[in-house]
Each structure stands twice: as structure tokens, then as C-alpha cells.
Amino acid sequence: MKVLLTGGAGFIGSNLAEEYIKAGYDVVVVDNLITGKQEHIHPMVKFYEVDICSQEFYDIAIKEKPDLINHHAANIDVQSSIKNPGLDAKINIIGTINVLEVCKELGVPLIYPSSAAVYGTPNYLGIDEKHEITPISNYGISKYTPEQYIRLYHNLYRVPYTIFRYANVYGMRQDPKGEGGVISVLMKSAIEGNSFNLYGDGKQTRDFIHVFDVVSANLLASAKPLNDVFNISTGKQTDLLQLINLVKETIHTQFPVNFMADRKGDIKHSFLLNDKFKKHVDWKPSVELLEGINMTYQYYLSQ
Ligand SMILES: NC(=O)c1ccc[n+]([C@@H]2O[C@H](COP(=O)([O-])OP(=O)(O)OC[C@H]3O[C@@H](n4cnc5c(N)ncnc54)[C@H](O)[C@@H]3O)[C@@H](O)[C@H]2O)c1
């Protein structure tokens, strides 16, 4: 079984590549290394340094004839999506259309990671998949629009798919910026003893899911496309002040916290229900937050 994995040099993509290899897949990675890192690319994958928006990507993908495409390449930075909406839309929307054209031509399934950002400010918590879609950032729009294209390609051309909406993913190889980056930024502050910039009052809540649980969901969807959308989350909320204390306790260290003004596009509270995916497949999140923080800390220490 051959999988073409876009974004395989990035945080989630590189963890996914590792697990695909362990599971016996042939893995082809396409990544332009804009945020991904060469050293994160698994030695057993075939790697192309190419932009997903290009004709070259389309030609390579057709030539490689994968059995499945897992599309993790994206602009993931909410703040940069607000500063440069055109580029964000190009990568996340046009890039995904390019990927879908390959799926259509080859008749192969697509796995697409969408985001909790599509829901915007929640009308209720825990957010389920039926919640209204009202993004409050350009990133939220650019992650949702491809969902609609994917459903359209399924209806028109029978392209099988699974769409995931991830909560805040954390774990090893995460860059200390981007959507779920707060845990890696905290790790950096804790290890280097630098101050941590906290945007808002720290009472905002997030649903932190470890990358291993996200990867296991992807492996299940790779075996069988589900033609539906699923939240991938823990269903638990943690506020940022609690998170800071957890990190300080785990690492037995102190670092100063600077309280900064709220940022545009940031959601106050978010946690997602994961019941729908749990009902469809034999999956549940297995990494507790404390354990995940510990594993992530060990990783950053080793770097
Ligand atoms: N990290 C999270 O908490 C989170 C939450 C929800 C959804 N997601 C989604 O998961 C996916 C992976 O996120 P991540 O956190 O691993 O981000 P990441 O930035 O670590 O990985 C993205 C990868 O895509 C590559 N890339 C970007 N633009 C490209 C282009 N035009 N052509 C080729 N490669 C390109 C980057 O170099 C990088 O390696 C994204 O689609 C993101 O929207 C992430």
C-alpha cells in the first residue's frame, strides 16, 4: 500500500510518516519545507521538495500512483493568515484543490485534517460536528472551504474521503508557533528559563490532544475511508493557567509569565466532543495530558 503524504516534514506529518513506515506502507512525502524540517523526514520515505500548489506536484503525484493521499501540508499560522490572507488561501484552498484533482484522476481516497478553528466562537461546549460553522479567522475559512470541495468531489467523482477536525495537537517535533504550539512554547520557556508570553487572562480553555492519538486516528482512516467528518479531540478542557502549572510541576522549574493583550482570531473557549469517531471505529485518546507533557519534555530535552 502506497501513501502520498503532503506535509510529511512537519509536526503531525513526520509523526504520521513514522507510523505509516512501521505499519508497512510505502511512503512518499511532498513538502516545500516552508515550516517543515529536513531532519524530520524519515530516512525510509521517498521525498520530493515541491509546492503542493504547483503543476510539478500534480505530475509527481500522478507518476507515483499512490493508493491513498494524506494531505497534511498547510499554512497553520492563524496570525499569518490574518496578515497575508491571499497566501493562506492559496496554500490551504488552491493547494487542496490540486490534491483533489490527483485523487479524482487516480480514483484514490483522501484524508484531510481540518480544524476546530472552523467552528469559530462556540454556541455551546463540547462542540460536536453539527455545530454551526462560523470561523473568526482567515485560517478557519481556509481550512473549511476545502471540506466543501472534498464533499463536492465525493458527490461528483466518487472520491472517497475522511475529514478530521483536530483540537489542539501537541507533542514531539512541534514548532513553537502555529495553532497548537502553546505547549512547545512553554517547554522552550521552561528549559531555557525565559519568560512566557500569555495572550489574554489565561482563563481561555483548549482541548489538548497528543499527536500519537491523532496519528492512530489517521491509520484507522487509511485502512477504510469513512466519507464523513469527525472531531479528533480528548473531550476535556484545560485552561492555560492550569497548563502552565502542570508544566511547572512536571518539569520542577519556574519561569516568568508576561500577560499580553488578547490576539485577533483567537477563540476564548474550545473543547470538542469525539463521540462520533469513537462510535464509528475502535479508537479513543490514550495519552493523558500529564503523560503527554512529560513525553514532550523528554523530547525537547534530548534536542
Ligand atoms: N497542530 C495543530 O494543532 C492542528 C490543529 C488542527 C489542524 N491541523 C492541521 O494539521 C496539518 C498539519 O499541521 P502541523 O501542526 O503538523 O503543521 P506544520 O507546519 O508542522 O506542517 C505543515 C507542513 O506543510 C508544509 N507545507 C506548507 N505549505 C506547503 C506547500 N505549499 N507545499 C508543500 N508543503 C507545504 C510545511 O513545510 C510543513 O512541513 C495542517 O493541515 C493543519 O491545518 C493542525
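**Helix packing and ligand surroundings**

In this predicted model, helix α2 passes helix α4 in a right-handed crossing. Helix α2 spans residues 55–64, and helix α4 spans residues 85–106. Their axes come within 10 Å and cross at roughly 30 degrees. Angles under 35 degrees count as roughly parallel, so α2 is roughly parallel to α4. From α2, the residues F57, Y58, A61 and I62 take part in the contact. They meet N98, V99, E101, V102, E105 and L106 in α4. By class, the residues of this contact of α2 with α4 comprise seven nonpolar, one polar and two charged.

Another pair is formed by helix α6 (residues 182–192) and helix α8 (residues 240–251). The two axes come within 11 Å, with a crossing angle of roughly 45 degrees. Helices α6 and α8 are therefore oblique to each other. The crossing of α6 past α8 is right-handed. On the α6 side, the contact is made by V182, I183, L186, M187 and A190. On the α8 side, L243, I244, V247 and I251 contribute. The contact of α6 with α8 has nine nonpolar residues, no polar and no charged ones.

Helix α8 also packs against helix α10, which covers residues 289–302. Here the axes come within 10 Å and cross at roughly 60 degrees. Helices α8 and α10 are therefore oblique to each other. Again, α8 passes α10 in a right-handed crossing. The α8 residues involved are L243, L246, V247, T250 and I251. Their partners in α10 are L289, L290, I293, N294 and Y297. Eight nonpolar and two polar residues make up the contact of α8 with α10, and no charged residue takes part. Residues L243, V247 and I251 of α8 thus appear in the contact with α6 and in the contact with α10.

The model also contains a ligand, surrounded by 30 residues. The closest are I12, D31, T35, Y139 and K143. Polar contacts involve both backbone and side-chain atoms. A polar backbone atom of G36 is 2.9 Å from an oxygen atom of the ligand. The side chain of D51 places a polar atom 3.0 Å from a ligand nitrogen atom. K143, one of the closest residues, has a polar side-chain atom 2.8 Å from an oxygen atom of the ligand.

Technical notes:
Residues are numbered from 1 along each chain as its sequence is written. This is a predicted model: local features need pLDDT of at least 70, side-chain atom pairs count only at pLDDT 80 or more; totals for chains, interfaces and linings use all residues. Side-chain values use heavy atoms; hydrogens and water are left out. Axes are lines fitted to C-alpha atoms, for helices over the stretch in contact, and angles run from 0 to 180 degrees between N-to-C directions. Helices (H or I, at least four residues) and strands (E, at least two) are DSSP runs, numbered from the N terminus. Angles under 35 degrees count as roughly parallel, over 145 as roughly antiparallel, 65 to 115 as roughly perpendicular and the rest as oblique. A crossing is left-handed if the near helix is turned anticlockwise from the far one by less than a right angle, and right-handed if clockwise. Contact means heavy atoms within 4.5 Å. Ala, Val, Leu, Ile, Met, Phe, Trp, Tyr, Cys and Pro count as nonpolar, Asp, Glu, Lys and Arg as charged, and the others, Gly among them, as polar. A residue is near a molecule or strand if one of its heavy atoms lies within 4 Å of it. A polar contact is a pair of N or O atoms within 3.5 Å; within protein, one must be able to donate a hydrogen and the other to accept it, and residues adjacent in sequence count only if both atoms are side-chain atoms.
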